[in-house]
Amino acid sequence: MNRPDPDDVELELFIRGLQLRHGYDFSQYARASLKRRVQALAIATGSRTIGELTSRVVRDDVLLPTVVSAMSVPVSEMFRDPPVFRALRAEVLPILASYPHINIWQAGCARGEEVYTLAILLEEAGLYDRCQIFATDFNDAALAQAQEGIFPVTEARQYAENYLAAGGAHTLNHYCHAKYDHIKFDSALRRNVTFANHNLVADGVFCEAHLILCRNVLIYFTNPLQDRVLGLFRNTLVRGGFLCLGSKESIDYSENAREFVALNRRARIYRLGAPSA
């Protein structure tokens, strides 16, 4: 009889304890990446084992924000994968321009890099004044950082290169300014952004969207949870609406795949059926 690894048993107890005590359900997250994050969290909090961490999480409410931040993956960059944003600029925005009002959902917005990317993209397309961006994440700390629009200056060079590669009309400095060791984006870019806590695992539809971006989030989910989230996106999109996923993500093996057509498979941009007549 093969006995399970003690760390794997402790991981399952951690997941169960977090759900029972605080209501956060990570049971359908891919185990390998989740295990690495929990082990790193145990070390960071001075816990000798995952089991010791579990006991602390169950009993110490003060530790919860640290745990939630560790469980999310708030890692991105502005105009990440520039060809994707070139494709959005050329193939999606001209179609969205036909709508009098445009709702966009940035799901799993993390620290907000792609929120500001979207705002700049829409501004340069002349569409931003009739857009509403809903930027959501379950990590309140990441949301707070996204609302500030402040990022390390060490990342500015990469952001600027990505912006130009994505077909930017100016330079990135047109939208931000540097101070000390950070860059801060103009508050005008947030004028049509609503930041909100939303958990893709448990929460439902809250708006009708013409475009959803959820990039490099589904890769951390099991297949059943991926399908659940894609169903949520399907129910959120208007007929003919667009879905943009990360470079390593696909809808091909989902039960919801038949509802979408690939607009640009390389850029992982899909369209929900055809617009109604």
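R268 sits in the loop that links β9 (260-264) to β10 (269-272). Its backbone stands out: R268 is not a glycine, yet its phi is positive, at about 60°. Keep in mind that this is a predicted model.

D81 shows a positive phi of about 60° too, again without being a glycine. This residue belongs to the loop between α4 and α5. With a relative accessibility of 26%, D81 counts as partly exposed.

**Two helix pairs**

On one side of D81's loop comes α5, so let's look at how that helix packs. Helix α5 covers residues 82-96 and helix α6 covers residues 113-124; the two pack at an angle of about 45°, and their axes are 11 Å apart. That angle makes α5 oblique to α6. As for handedness, α5 and α6 cross in a right-handed way.

Which residues do the touching? From α5 there are F85, L88, R89 and L93, and they meet E114, T117, L121, L122 and E124 from α6. Sorted by class, this contact holds five nonpolar residues, one polar and three charged.

The other pair is α2 with helix α4, the latter made of residues 64-71. Here the axes come within 9 Å and cross at roughly 145°. The crossing of α2 past α4 is right-handed. On the α2 side the contact uses L34, R37, V38 and L41, while α4 brings T66, V67, A70 and M71. By class, the contact of α2 with α4 divides into six nonpolar residues, one polar and one charged.

**F14 and its neighbours**

F14 is part of helix α1. Is F14 buried or exposed? It is buried, since its relative accessible area is 2%. Leaving aside residues up to four places away in sequence, F14 touches V38, I50, L53, T54, V57, V67 and M71. Some of these names have come up already: V38 of α2, along with V67 and M71 of α4, takes part in the contact between those two helices. So F14 of α1 touches residues from both sides of the α2 and α4 contact.

**Q106, over by α6**

Q106 is in strand β1, which spans residues 102-107. This residue counts as buried, at 2% relative accessibility. Its side chain makes a polar contact of 3.4 Å with the side chain of E114, and E114 is also one of the α6 residues that meet α5. Beyond residues up to four places away in sequence, the full set that Q106 touches is E114, V115, L118, F134, A135, T136 and L213.

**Three loop residues**

Next, some residues in loops. D25 lies between α1 (6-22) and α2 (31-44). The side chains of D25 and S27 are joined by a polar contact of 2.6 Å. Not counting residues up to four places away in sequence, D25 touches Q19 and V201.

N216 falls in the loop between β7 (209-214) and α9 (223-236). Why does N216 count as buried? Because its relative accessibility is 15%, and the cut-off for buried is under 20%. N216 touches R80, G246, S247 and E249, again setting aside residues up to four places away in sequence.

E155 is placed in the loop between β3 (150-152) and α8 (156-165). At a relative accessible area of 22%, E155 is partly exposed.

**Sequence and space**

Here are three pairs with their spacing along the chain and their C-alpha to C-alpha distance.

| Pair | Apart in sequence | Apart in space (C-alpha to C-alpha) |
|---|---|---|
| D25 and V58 | 33 residues | 14 Å |
| E155 and Y175 | 20 residues | 15 Å |
| F14 and E208 | 194 residues | 36 Å |

To recap the residues with accessibility values: F14 is buried at 2%, Q106 is buried at 2% and N216 is buried at 15%, whereas E155 is partly exposed at 22% and D81 is partly exposed at 26%.

Terms used: Residues numbered from 1 in each chain as written. Predicted model: local features only at pLDDT ≥ 70, side-chain atom pairs only at ≥ 80, totals over all residues. Heavy atoms only, no water. Axes fitted to C-alpha atoms, helices over the stretch in contact; angles between N-to-C directions. Helix = DSSP H or I, 4+ residues; strand = E, 2+ residues; numbered from the N terminus. Parallel < 35°, antiparallel > 145°, perpendicular 65-115°, else oblique. Left-handed = near helix turned anticlockwise from the far one by under 90°. Contact = heavy atoms within 4.5 Å. Nonpolar A, V, L, I, M, F, W, Y, C, P; charged D, E, K, R; others polar. Polar contact = N/O pair within 3.5 Å; in protein donor to acceptor, adjacent residues only side chain to side chain. Buried < 20%, exposed > 50% of the residue type's maximum accessible area, 1.4 Å probe, protein only.
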